[in-house]
Amino acid sequence: GIDPKFNLNNEPSVILDKETYRIRFKLNETDRSNTFNGTEYSLSITYFDGPQGFLRICYSSVFLPDAILETIYTKDTNEWKTQKFNIKDAYFSDDCCYDFEIMTSETDSERSFKSESPIAIKNVTLVEGRTNPIFASASIKETGNTFEWHKKSKIINVKYSLFKKFPFSAVAEYKIIDYSGNTVLTLNEDLNFNNSTEIKTKLNLGKLKVCDTYNLFVTISGKGFKTNYQLLDFAVIKTDKNGVLNREVLINAHFQWYGSKKVTKEGIDMLRKANIGGARLELGWNNFELEPNNFDWSKSSEKDFYDELKANNMDVLALLCRMPTHYEAVRSFTIPETEKQIEGYKKYIEFMLKEIGDYTRYYEIWNEPNMTTFNYRRAPGDVYMTMTKVAADLIHKANNDNKVCAFGMTYLGLKKTDISKRLPKEYYNECLDSGLCDCVDAIAIHPYGGIDSLEKRVMENIVRHYRDEFKEKYGKTLPMWNTELGYSASQLDS
């Protein structure tokens, strides 16, 4: 039913960029009356390895219509490269809008992460391989595929499907591999298909006590065949037996972006299981004042997230940002500057304090003002501080125990940002000169850095620089809150 090779080479190459960022294709000649029979496929893709970017390859699998096969990150070698991937669960069905998709954007959403550079693709080839007599899959009922370390029962459900006539016998060898690549546990099981084409079994990994991420592999062997599957990954996590939360740690989760109460509940259950004290919650002004002076968040996903955190006695760090466009803002991330905009921001803060002020004690003013992405008009530090002082004054007056953090700057030392092409520390000094010390309780930072980047290698010194600058100017220090986790602060001395 399938041509051995399927090529996208009508042109020398296909360019994927911000306008054309997706290739989707179906295998029209595939026999879709038998959509899955254990057949393996090999997919190869030839692309130009240019400046920093990524290609994401998705396909229709037995489990998901848009399963991610692989994400390829370009490394700027300026040469054509070919990568090859094996697929063991491809599911070709008329119900799916595509069988394979290659793209340079995570989704169609404006929030989606997109490749920084266009990428050229010269060839895509799909080759049909062998057909395995047995297919294996696994699932875990625990939220997030996580087990609490102290639980004696850590159950993984494994299902085997036979594509030959029974009776049929085989042996399954399980391997548990930890994050470092070490085999920490092996198990064997006989598979005897006597009067059914399906076997369901339960693996209890209660012996695993070390907190780590793991992969479960199975090798199935029988007369004339041997195949292996990576069934799933899972984690054993550090958690308090009594459910005591670590109030020093919150997470920037953005559950509200997904618009699903199910995702919100699962996400917060995951946080509680890991003893996370709460979450940072973006409360978009533009979402709650759709018409001038008419505030409402009763049906928003943000409120669902907030209510779920509150019901679980978890802390909230409220991020206050995003101006409605009816305040003469071309984009929502325009920092309030005019009298009308500042007055509107005050009303927004007052509305949020009325809605969440009885419970919430932590607030962050705006997001990453040193980036044009979140400061569209490139407002300088004194404009940002005018807004911050207004908000901080209202928040502190509402409750003396309230804590306000501000600044929230990223790209702390790697390069000049796109705000007037200035160094981040110059923006920081503008904020200091405009009274940052006088109105906030903590300085927020977003210390992102790539694995091999200069920023990560010197991050400890960078953070100390900002702390020392503050101390030199004011003779004291303020706490630094890492309000977006891009770099672990565990190695810093404060």
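Which residue, with a positive phi, follows helix 6? In this predicted model, helix 6 is followed by Gly435, whose phi is positive, near 100°. The legends below describe close-up views of this region and of the strands.

**View A. The buried side of helix 6 and the elements that cover it.** Helix 6 spans residues 424-433, and its buried residues are Pro424, Tyr427, Tyr428, Cys431 and Leu432. Because these residues cover an arc of only 145° around the axis, they lie on the same side of helix 6. An α-helix has 3.6 residues a turn, so residues three or four places apart point the same way. The cover over the buried residues of helix 6 includes two strands, strand 21 (403-410) and strand 22 (442-446), together with helix 5 (381-398), helix 7 (436-439) and helix 9 (459-474).

**View B. Met385 and its contacts with residues distant in sequence.** Met385 belongs to helix 5 and is buried, with a relative accessible area of 1%; the cut-off for calling a residue buried is under 20%, so Met385 qualifies. When neighbours within four places in sequence are left aside, Met385 is in contact with Cys431, Ser434, Gly435, Leu436 and Cys439. One of these partners, Cys431, is itself among the buried residues of helix 6, while another, Gly435, is the residue with positive phi that follows helix 6. Although Met385 and Gly435 are 50 residues apart in sequence, their C-alpha atoms are 7.2 Å apart in space.

**View C. An open sheet of five strands with mixed pairing.** The strands of this sheet run in the order 10-16-15-12-13, and its edges are formed by strand 10 (146-148) and strand 13 (183-193), each of which pairs on one side only. From one strand to the next, the twist averages 25°. At one edge, strand 10 pairs with strand 16 (residues 225-237) in the parallel sense over three bridges, and the bridge partner of Glu148 in strand 16 is Ile237.

**View D. Strand 11 and its two antiparallel pairings, with strand 9 and with strand 14.** Strand 11 (residues 155-162) is mostly covered, since six of its eight residues are buried. Strand 9 (residues 134-139) pairs with strand 11 in the antiparallel sense over six bridges, and within this pairing Ser139 has Asn157 of strand 11 as its bridge partner. Strand 14 (residues 198-204) also pairs with strand 11 in the antiparallel sense, over seven bridges, and here Ser161 stands opposite Glu198 of strand 14.

How values were computed
Residues are numbered from 1 along each chain as its sequence is written. This is a predicted model: local features need pLDDT of at least 70, side-chain atom pairs count only at pLDDT 80 or more; totals for chains, interfaces and linings use all residues. Side-chain values use heavy atoms; hydrogens and water are left out. Buried means under 20% relative accessible area, exposed over 50%, partly exposed in between (1.4 Å probe, protein chains only). Helices (H or I, at least four residues) and strands (E, at least two) are DSSP runs, numbered from the N terminus. The arc is that of the directions from the helix axis to the C-beta atoms. Contact means heavy atoms within 4.5 Å. Two strands pair if DSSP finds at least two bridges between them. Axes are lines fitted to C-alpha atoms, for helices over the stretch in contact, and angles run from 0 to 180 degrees between N-to-C directions.
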